[in-house]
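The paragraphs below walk through one protein chain, starting from a single residue and moving outward to the whole fold.

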Amino acid sequence: MQAPPTLASASPPAGRTAPTQPATLAAAPPLRVLFLDVDGVVCCNQNGQLEPDKMQQLIRITKEASAKVCLSSNWRLYEELREHLYTKLGAVGIECIGTTPDAGEATHGEGMRPCEIGAWIRFWHEDKQRQRVTSFVAVDDRPLLQEKGGSVLRGAPPPLPPQSPDRPM
């Protein structure tokens, strides 16, 4: 079985000359991601039911922002709950593009959700063919900025200290 031609080995059609510069791949459009927690955000009851009024807000936000959802909720760790969310989100037109990795906070007790979000973004960008994440938001009822790795959620590096030689005067 012969492998398909690559960009470098492809021949131009008969009667045409090869381009003088290599073809470039079209740039993928930017990507906005909403990292979604479930408990305390769209499920604020003891029954484990997604609440219609909160789901309507999620639908509005994702539509107006043209955002896709990545599950950061602990629900992502349980196949039945994760599949339930994929089904419910898809049914209302919300595209779910994945789940954050598990950094094991259940075993060591330290809040790690910002680290998990940062790891997901780094992993996503490893594939150069994917859309670039240009903006994101984490919707959560936990104080993520105070958790380990929370600075990744600020969207910019922390300011330089006042005495830093790199700080412009």
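**From one leucine to the chain**

Leu81 is part of helix H2, which spans residues 79–91. The model is a predicted one. With a relative accessible area of 30%, Leu81 counts as partly exposed, because that class covers values between the 20% limit for buried and the 50% limit for exposed. Together with Leu77 and Tyr78, Leu81 makes a nonpolar surface patch of about 270 Å².

Helix H2 also has a place in the path of the backbone between two strands. Strand S2 covers residues 67–71 and strand S3 covers residues 96–99; the two pair in the parallel sense, over 3 bridges. The chain leaves S2, passes through H2 and arrives at S3, a β-α-β crossover that is right-handed. Within this pairing, Val69 has Cys96 of S3 as its bridge partner.

What pattern does the chain follow when read along the sequence? The order is β-α-β-α-β-α-α-β, and the totals are 4 helices and 4 strands.

The remaining values describe the chain in full. Of its 169 residues, 29% are buried. Among contacts with a separation of 6 or more, 65% are between residues 24 or more positions apart. The accessible surface of the chain is about 11600 Å², and carbon and sulfur atoms contribute 55% of that area.

Terms used: Residues numbered from 1 in each chain as written. Predicted model: local features only at pLDDT ≥ 70, side-chain atom pairs only at ≥ 80, totals over all residues. Heavy atoms only, no water. Buried < 20%, exposed > 50% of the residue type's maximum accessible area, 1.4 Å probe, protein only. Contact = heavy atoms within 4.5 Å. Areas by Shrake-Rupley, 256 points an atom, 1.4 Å probe, with all protein chains shown as cover. Patch = residues over 30% accessible without salt bridge, like charges linked within 9 Å, V, L, I, M, F, W, Y side chains within 5 Å. Salt bridge = Lys/Arg side-chain N within 4 Å of Asp/Glu carboxyl O. Pairing = 2+ DSSP bridges. Right-handed = clockwise from strand over helix to strand, strands pointing away.
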